[in-house]
Amino acid sequence: MAAAPQEERSPSLDDCLKLLKGERDEQRLAGLLLVTKFCKNDDIVSLNKVYEAVGTHFLDRLFRTGSGSGDGVDNRDVYLQISITVLAAFCRVPEIASSEEMVSRIPLILEVMSKGITTNMLEDCYELLYLVSTACEAGLMTLINSGGLRVIAPQMSELPDGSHAMEVAIKILQLLVSKLDCGSMTIERFLELSLVIAAVARQFAVLHNALKFEALHLLSAVFSSEYSELLHEPLRSMPDNNWADYMRTGVVAILQNRVAPSEKLHALILAENMMSILGEKWLIGGVKLPNVDIPADRCLLLVLESSHVEISVLLNDLAYKKYEAPIDNSTAEDILLKQRYLPIVFSLVEKIIKYISSAGENEGTLSDEAVFQKVIKILNETVGAVFEYLRDAKEHGIKKGTDLLASVRVIGSYLAETPVACKEQVQDLLDYMLSVKGEDESSPFLSTCFLLPMLCQITMNAEGCKLLAYSRGDVAVVECLIKLIECCGESVDEDRSIFLACDTIMNILLKREEISPPEISTFASLLKALAYWADGSNDHSVVMMAASICSLIFDFTSEDALQLSRSSLDSLARLVTRSLSSSGQDMSDTADLLEIIRAGYSRWINRFPTIMKHPVVQ
């Protein structure tokens, strides 16, 4: 009778350990090959036993043999593949991953990656780097300081879409971005990050799984960082503009599907940054990508609708937390978090307002009247919600906060384009809006700056001037102008605000017979500021604007009433002299101002003996 065939026995952990403890390298290598075949990644106990049996010395020799550049070693790639695969497996054990020996291997792994290796080997390298970086702070810092970003960034575009290597690479980059700050950034790192953004934007667009959201979170983290603005120029200079279309495709996909509100907020952060980088036109137009069909106005509508929803939710939550919910540490932290997000969605609305206001002037703007009307409707509803939030704050006597200042800013942007809109809300809240302060402000200033475009327009008629005077807004504008002059020339926006404030004050002064102008003391401070502004400028328009306002003020006061110092009166005299002695220059832009000065001069000169002493050529 024939003997029953003996069943073939599978190798056990003990068999591996015997081989690994063998005297010859061939035995140990065979043991490692068995480890890669049957040791499960989550079998921490077995991996620990294997690591102790093989020892770090043999692992280092195997790695050096595989990664060396010398001749005389056959199957070098095989040795390198085995060593990296085994090292990555061992890093599943947190104690091994955080060991000094494993951390010290990071620069060597990066060197191997930079030489060009197979996708499988690259995947194991990423796995190892990720596990060591998450296991200990020293691992992450070593990865950063050893040029991890420099090695990984150019490889991203070569990784297969949605591959495991891409997934782990994105997770590594999330860790790196969390540790980078302005102090550690260099030109090279900005260029490397721009490559990362372009590659990850593609994954954000083409994938439809969990990795899409990992890509979204990485992009959002980069654009929310303190150094994000410094990335704008490298991204504008990218030779391949497909990344912008990928970004728009991904944003549309997130906003038009049922996803968590937090994910939509991340998508809005991307949209806000894309408009800051490429302009508001990024919202409109076709996407030039294969197999992608997005209507030209889809992104605009989705971003605006989502911003409206987000603003309504944030404002309702903030109002409840601030005025109704019991205050504790968690409530205070939640308020700060929402106050940080609010300016982002407000910025989106402001950018869309700016874009819509140019409709018909620029190519690519909205041509569909139905879409245009829908946009206007959503904007009206959004601004209405902001007005309600400010009214609630006014009723509770709250005037200070970044959320309140941001609310005034978005309303100012809206009313700059439609100054007659929301008439009742403006009448009810103008005095309050002009009293709002930012967290770092000792007195209102920025709120007045934000409202200047609207104030300048409504004061062109008497009704607007009366409203401003009733709200003490004329005093606010004078104080704002004085402060703007004190920091004159620091930015183009400040120069623009100075002239808006000047126009507003001139509108008030020209209608002074119909309203009660501010007290003389208020104008005394303004006169000194205007003289200082003109003294420090060679700009003819500055001189004429300052002198015309001074002339209108002189109309209803006198040198004695103003009680100005001799030096201030001399400065004003020089200003008037300069303005009236400029008739030989090109006056096309300031002819109206010169007429105001000349007409007023004969009326008030006798009340200003100091100015009268200065020779004037008219």
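**Three helix packings**

Biologist: So α26 and α29 are oblique to each other. At what angle do they pack?

Modeller: This is a predicted model, where local features need pLDDT of at least 70 and side-chain atom pairs pLDDT 80 or more, though totals for chains, interfaces and linings use all residues. Residues count from 1 along each chain as its sequence is written, and side-chain values use heavy atoms, without hydrogens or water. Oblique is what remains after under 35 degrees (roughly parallel), over 145 (roughly antiparallel) and 65 to 115 (roughly perpendicular). Helix α26 (residues 520-535) and helix α29 (residues 566-580), with axes 9 Å apart, pack at about 55 degrees.

Biologist: What counts as a helix here, and which hand does the crossing of α26 and α29 have?

Modeller: Helices are DSSP runs of H or I, at least four residues, numbered from the N terminus. The near helix turned anticlockwise from the far one by less than a right angle makes a crossing left-handed, clockwise right-handed. For α26 and α29, the crossing is left-handed.

Biologist: Which residues of α29 make the contact with α26?

Modeller: Contact means heavy atoms within 4.5 Å. On the α26 side you'll find L527, K528, L530, A531, A534 and D535. Facing those, α29 puts in S568, S571, L572, R574, L575 and R578.

Biologist: And how many residues of that α26 and α29 contact are charged?

Modeller: Nonpolar takes in Ala, Val, Leu, Ile, Met, Phe, Trp, Tyr, Cys and Pro, charged is Asp, Glu, Lys and Arg, and the others, Gly among them, are polar. In the contact of α26 with α29, six are nonpolar and two polar. K528 and D535 are in the contact on α26, with R574 and R578 on α29. The charged count is four.

Biologist: On to helix α8 (residues 119-135) and helix α9 (residues 137-145): how are they oriented to each other, and why?

Modeller: Angles run from 0 to 180 degrees between N-to-C directions, and axes are lines fitted to C-alpha atoms over the stretch in contact. The axes of α8 and α9 come within 5 Å and cross at roughly 130 degrees. That makes the α8 and α9 pair oblique.

Biologist: How many charged residues does the contact of α8 with α9 have?

Modeller: α8 brings L129, V132 and S133, and α9 brings G139, L140 and L143. Of these, four are nonpolar and two are polar. As for charged residues, there are no such members: none.

Biologist: α29 comes up again with helix α27 (residues 540-554); how far apart are their axes?

Modeller: α27 passes α29 in a left-handed crossing. The two pack at an angle of about 115 degrees. Their axes are apart by 9 Å.

Biologist: Which residues of α29 touch α27 in that contact?

Modeller: From α27 come V543, M544, A546, A547, C550 and F554. The α29 side of this contact with α27 is L572, L575, V576, R578 and S579.

Biologist: Last one: how many nonpolar residues are in the contact of α27 with α29?

Modeller: The contact has one polar residue and one charged. S579 and R578 both belong to its α29 side. The nonpolar residues number nine.
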